[in-house]
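Subject: Structure handed over, with notes on what was found

Dear colleague,

I am passing on the structure that we talked about, together with some notes to read beside it. Please keep the sequence and the 3D view open while you go through them.

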Amino acid sequence: MNQSLYPEFGVLLVDDEASFLRSLSITLARSGGITHVHRCDDSREVMGILQNRAIGLILLDLTMPHISGQELLAMITEQHPDIAVIIISGLNQVESAVQCLQQGAFDYFVKTTEEGRLIEGIKRAIRMQEMRRENQALGQRILNNSLESPEVFDPIISRSNQMRSVFQYLESVAPSNQPLLICGESGTGKELLAKAAHQLSNRTGPLVSVNVAGLDDNVFADTLFGHQRGAFTGAERNRAGLIEEAADGTLFLDEIGDLSMASQVKLLRLLQEGEYYPLGSDRPKRIRARIIVATHQELQQRQAEGSFRRDLYYRLCTHQIQIPPLRQRKEDLPLLLDHFLAQAAAELDKPVPAYPPELPLLLNNYHFPGNIRELRALVFDAVSRHRSHLLSMEVFRQVIGKNEEDGGESLSQASDSLASFNPEGPLPTLAQMDSLLVEEALRRADNNQSLAARLLGISQPALSKRLKKSRPDN
Ligand SMILES: Nc1ncnc2c1ncn2[C@@H]1O[C@H](COP(=O)(O)OP(=O)(O)OP(=O)(O)O)[C@@H](O)[C@H]1O
């Protein structure tokens with residue numbers, strides 16, 4: 001994608017007055033950053049241009065010699081129904097406006113319309129076209145179950161279908177200029193996905209990342225927008241902000257859920273207007289970076305509490321990805337375990353250790369509150385302490401055992417499971433529950449008694465005693 005051009009598809013301006021075309025293209029570039037523009041001052045050439053160029057939006061005059069705008073509109077909506085048409089007419093007539101809209105025009109403006117309103121209307125049409133194209137691309141990928149650039153996802157180890165859908169979605173929205181919101185618990189790989197999105201966008205500029213949690217509003221503005229010499233005491237030189245550093249690339253704002261209310265207003269304005277002012281400057285600059293934000297917070301809950309702006313949330317969530325936590329994609333555990341063992345061994349300059357067959361079972365029964373980051377840390381710790389040829393389970397047992405003892409998440413998970421009792425059926429007795437739990441633990445532990453005992457929070461001899469009682473043949 002050519003980064004100096006926006007949007008990704010062409011915008012065709014059609015008017016018999018060449019001077020109007022010139023001034024309109026200047027306005028589009030200056031006030032809307034819309035630069036992917038073709039001009040045509042001869043209505044007879046329009047249909048030929050549509051055959052040869054990838055046009056997504058047409059700004060069409062009505063009164064023209066040879067073929068009138070209204071005739072052209074009829075031809076375009078019939079032969080190219082996927083192209084949006086906005087009428088920009090010298091005539092301020094309700095009747096012709098209504099006719100054009102009925103014929104399929106997206107919007108209708110008169111040439112004297114205030115510039116801001118006109119640009120906003122054109123941007124609305126661009127956004128709609130972008131989303132339509134993304135939807136089509138996504139539908140196609142899901143139907144074919146395909147990825148166009150699978151190599152981009154190589155660093156993200158996964159065989160989960162949920163993650164595959166996330167990758168397909170990411171490929172469809174990566175070329176867009178609209179913001180991308182990545183949500184997911186801490187350690188699920190949000191930053192890795194932001195990197196993949198940047199790579200897929202084929203932008204020529206860099207990926208610039210910043211964690212905005214806890215940034216005071218002035219620091220936030222200075223970091224993003226930069227400042228002019230003399231803007232405040234100590235500002236001895238002009239300094240470019242990260243938005244400028246990320247020009248033609250991607251600006252990744254991590255932990256957006258923790259942004260202060262004052263900074264949320266600044267970010268909203270930036271996204272709405274596409275412009276910002278470096279501190280101390282009264283000359284606006286246009287943003288040329290795509291914005292990706294990530295958070296581990298529930299933004300909808302933060303809105304309800306009043307600590308996250310609703311309008312900002314709606315701006316950010318045009319494209320949204322929810323990464324599932326590791327406990328919901330346990331099929332990834334064996335792959336990740338092997339991946340981190342190899343990585344740790346290489347980094348620590350040791351041979352890749354083998355591990356006892358109980359290890360995957362133990363991991364499989366853990367809820368990983370810290371997700372993949374936690375698994376990675378556990379494996380690195382185990383490999384660094386490892387001496388014999390077989391990896392010791394001790395590191396894993398210490399952490400996993402401690403977490404289970406602390407209750408916390410696992411207690412709430414246990415009560416989630418209880419919620420699955422049929423409220424209208426009879427309640428099982430304690431004795432029945434006792435044996436159900438033991439059976440379930442043995443199933444999950446693949447009949448490994450020491451692991452099953454750990455899952456049940458009892459010692460192995462205690463479990464063995466119960467089993468002897470309930471299954472005297474054992
Ligand atoms: N699917 C994966 N395959 C390989 N490594 C992964 C995967 N997911 C995450 N990781 C690794 O786990 C660690 C945490 O990932 P990352 O920093 O992307 O998570 P995050 O969701 O951004 O976390 P936080 O919310 O705390 O910022 C990194 O070392 C990353 O390389």
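What follows goes from the domains to the ligand, then to one helix, and then to some single residues.

Please keep in mind throughout that this is a predicted model.

**Domains**

The domain assignment of the protein gives four entries, which are domain 1 (10-131), domain 2 (147-324), domain 3 (326-420) and domain 4 (429-474). Where domain 3 meets domain 4, the contact takes 6 residues from domain 3 and 8 residues from domain 4. On the side of domain 3 that touches domain 4, the helices α14 (358-364) and α16 (394-405) each supply at least two residues, and α14 gives the most to that side, with 3 residues. If you sort the residues of this side of domain 3 by kind, they divide into 2 nonpolar, 2 polar and 2 charged.

**The ligand**

Which residues are closest to the ligand? The ligand is surrounded by 17 residues, and the closest of them are I157, S186, G189, K190 and E191. The residues of this shell divide into 4 nonpolar, 8 polar and 5 charged. Two helices, α7 (190-200) and α15, each supply at least two residues of the shell. Because domain 2 (147-324) and domain 3 (326-420) both give residues to the shell around the ligand, the ligand lies between these two domains.

**Helix α15**

Since α15 contributes to the shell around the ligand, it is worth following this helix from end to end. Helix α15 has 15 residues (residues 371-385), which at 1.5 Å a residue should span 21 Å, and its end C-alpha atoms are 22 Å apart, which agrees with that expectation. Within α15, the residues N371, I372, L375, L378, V379, A382 and V383 are buried. Seen down the axis of α15, these buried residues fall within an arc of 125°, so they line one face of the helix. An α-helix has 3.6 residues a turn, so residues three or four places apart point the same way. On the other side of α15, S384 and R385 are exposed.

**Two loop residues with positive phi**

Next, please look at two residues in loops, N145 and D349. N145 is found in the loop between α5 (115-144) and α6 (161-173), and its phi is near 50°, a positive value in a residue other than glycine. Is N145 buried or exposed? N145 has 10 C-beta neighbours inside 10 Å, and because a residue with 12 or fewer is taken as exposed, N145 counts as exposed. D349 sits in the loop between α13 (333-347) and α14, and D349 has a positive phi of about 55° although it is not a glycine. With 6 other C-beta atoms within 10 Å, D349 is exposed.

**Residues to find in the view**

F9 lies in the segment before β1 (10-14), and F9 is buried, because 20 other C-beta atoms lie within 10 Å and 20 or more is the cut-off for that word. Which residues does F9 touch, once its neighbours within four places in sequence are left aside? F9 is then in contact with H36, A54, I55, G56 and Q129. By contrast with a contact, F9 and Q140 are 19 Å apart in space, C-alpha to C-alpha, and 131 residues apart in sequence.

R124 lies in helix α5 and, with 14 C-beta neighbours inside 10 Å, counts as partly exposed. The C-alpha atoms of R124 and F106, which are 18 residues apart along the chain, are separated by 9.7 Å.

Helix α20 (residues 460-470) holds K468, and L467 is found in α20 as well. K468 has 11 C-beta neighbours inside 10 Å and therefore counts as exposed, whereas L467, with 16 C-beta neighbours inside 10 Å, counts as partly exposed. From K468 to L391, 77 residues apart along the chain, the C-alpha atoms are separated by 32 Å. From L467 to L271, 196 residues apart along the chain, the C-alpha atoms are separated by 63 Å.

With best wishes

How values were computed: Residues are numbered from 1 along each chain as its sequence is written. This is a predicted model: local features need pLDDT of at least 70, side-chain atom pairs count only at pLDDT 80 or more; totals for chains, interfaces and linings use all residues. Helices (H or I, at least four residues) and strands (E, at least two) are DSSP runs, numbered from the N terminus. The expected span of a helix is 1.5 Å times one less than its number of residues. The arc is that of the directions from the helix axis to the C-beta atoms. A residue is near a molecule or strand if its C-beta atom, placed from the backbone, lies within 6 Å of it. Ala, Val, Leu, Ile, Met, Phe, Trp, Tyr, Cys and Pro count as nonpolar, Asp, Glu, Lys and Arg as charged, and the others, Gly among them, as polar. Domain bounds come from an automatic or database domain assignment. Two residues are in contact if their C-beta atoms, placed from the backbone, lie within 7 Å.
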